[in-house]
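Some words in structural biology are labels with a cut-off behind them. Can you work through how each label is earned?

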Amino acid sequence: MKFLRIFCVAVALAVPPLTSHAHGGEDHGNAPAPAPVASAAPRAQAQSEDFELVAEVQGQGQALVLFLDRFDSNAPVVGAQVEVDGGGPPTMAAETAPGVYRVAAGPWTQPGRHALTVSVQAGDTADLLSATLDVPAAAAAAPAAPLAVGSPATTKRSFWALAGALALAALGGFTWLRRRTSTSS
């Protein structure tokens, strides 16, 4: 019986380090700072009394997509003539959906800061919108980060280590009890 108690205490002392993890934003070492996360796509915004515009580089630099809506109602501007000037010759945008206009690749899809001037003619309303589009250089592939404590992979590993320790404890206890009953008879 003394052996069983010692074995259970040893298992109980070994289990907490397998399942414990950091919490609450406390500093638990000298881990490197995480790399900043870039936004999904470079964007520029502009607005006037009549229009709101969001310009976004899409398709890995293949096109500039413009989302155009009315400033007062947020309704998409349909059937407008939209012209983009960004350092090269002015280019007309084609409407692909209500309020969505697309321009093929131009100098504004290359890495760097680009001053965009967008001319909008919608019905009897005309306006010029200015925005600055900042297209970052392609980021180098980051090395794989080590598994974080509390991540699904480390939690799964801890679970199986705990299950294995409990299975060994049960097997050891069963063997000890079986040996003890066989020597008593």
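What follows is a set of questions and answers on a predicted model.

Q: What elements does the chain have, and what pattern do they follow along the sequence?
A: The chain has two helices and eight strands. Along the sequence, these elements follow the pattern α-β-β-β-β-β-β-β-β-α.

Q: What makes the eight strands an open sheet, and in what order do they lie?
A: The order is β1-β2-β3-β6-β5-β4-β7-β8, with antiparallel pairing. The two edge strands, β1 (43-47) and β8 (125-135), each pair on one side only. On average, neighbouring strands of this sheet are turned by 25° against each other, direction ignored.

Q: How do you know that β3 and β6 are paired?
A: Two strands count as paired if there are at least two bridges between them. Strand β3 (residues 63-70) and strand β6 (residues 100-104) share five bridges and pair in the antiparallel sense. Within this pairing, A63 stands opposite A104 in β6.

Q: How do you know that β5 is joined to β6?
A: The requirement is again at least two bridges. Strand β5 (residues 91-97) and β6 run antiparallel and are joined by three bridges, so by that rule the two strands pair. A94 is opposite R102 in β6, and E95 is opposite Y101 in β6. The hairpin of β5 and β6 has two residues between the strands, and G99 takes a positive phi near 80° there.

Q: How do you know that β4 is joined to β5, and what lies between them?
A: Strand β4 (residues 81-85) and β5 run antiparallel, with three bridges joining them. The bridge partner of V84 in β5 is T91. β4 and β5 form a hairpin with five residues between them, and in the turn G87 has a positive phi of about 105°.

Q: Which residues of the largest nonpolar core touch the most other members?
A: This core has 25 residues, and L64, L66 and L68 touch the most other members. The elements giving two or more residues to the core are β1, β2 (51-58), β3, β4, β6, β7 (112-122) and β8. Not counting residues up to four places away in sequence, the residues that L68 touches include F51, L53, V82, Y101, V120 and L129.

Q: Why is the contact between R43 and E56 called a salt bridge?
A: The rule asks for a side-chain nitrogen of Lys or Arg within 4 Å of a carboxyl oxygen of Asp or Glu. For the side chains of R43 and E56, the N to O distance is 2.7 Å, so the rule is met. R43 is in strand β1 and E56 in strand β2, 13 residues apart.

Q: What makes R43 exposed and E56 buried?
A: Exposed means over 50% relative accessible area, and buried means under 20%. R43 has 52%, so R43 is exposed. E56 has 8%, so E56 is buried.

Q: Why does the pair of D134 and R113 form a salt bridge?
A: The closest N and O atoms of D134 and R113 are 3.9 Å apart. The cut-off is 4 Å, so this pair passes. D134 is in strand β8 and R113 in strand β7, 21 residues apart. By this rule the count of salt bridges comes to two.

Q: Why does D134 count as partly exposed, whereas R113 is called exposed?
A: Partly exposed covers the range between under 20% and over 50%. D134 has 42% relative accessibility, so D134 counts as partly exposed. R113 has 63%, so R113 is exposed.

Q: How do you know that D69 has no salt bridge?
A: D69 lies in strand β3. The nearest side chain of opposite charge, R70, is 8.7 Å away. A salt bridge needs a distance within 4 Å, so none is assigned here. D69 is nevertheless buried. Leaving aside neighbours within four places in sequence, D69 is in contact with D50, F51, E52, N74, A75, P76 and V77.

Q: What share of the chain is buried, and what share of the contacts join residues at least 24 apart?
A: Buried residues make up 26% of the 185 residues in the chain. Among contacts between residues at least 6 apart in sequence, 47% join residues at least 24 apart.

Conventions:
Residues are numbered from 1 along each chain as its sequence is written. This is a predicted model: local features need pLDDT of at least 70, side-chain atom pairs count only at pLDDT 80 or more; totals for chains, interfaces and linings use all residues. Side-chain values use heavy atoms; hydrogens and water are left out. Helices (H or I, at least four residues) and strands (E, at least two) are DSSP runs, numbered from the N terminus. Axes are lines fitted to C-alpha atoms, for helices over the stretch in contact, and angles run from 0 to 180 degrees between N-to-C directions. A nonpolar core is a set of buried Ala, Val, Leu, Ile, Met, Phe, Trp, Tyr and Cys residues joined through side-chain atoms within 4.5 Å. Buried means under 20% relative accessible area, exposed over 50%, partly exposed in between (1.4 Å probe, protein chains only). Contact means heavy atoms within 4.5 Å. Lys and Arg count as positive and Asp and Glu as negative; His and the chain ends are not counted.
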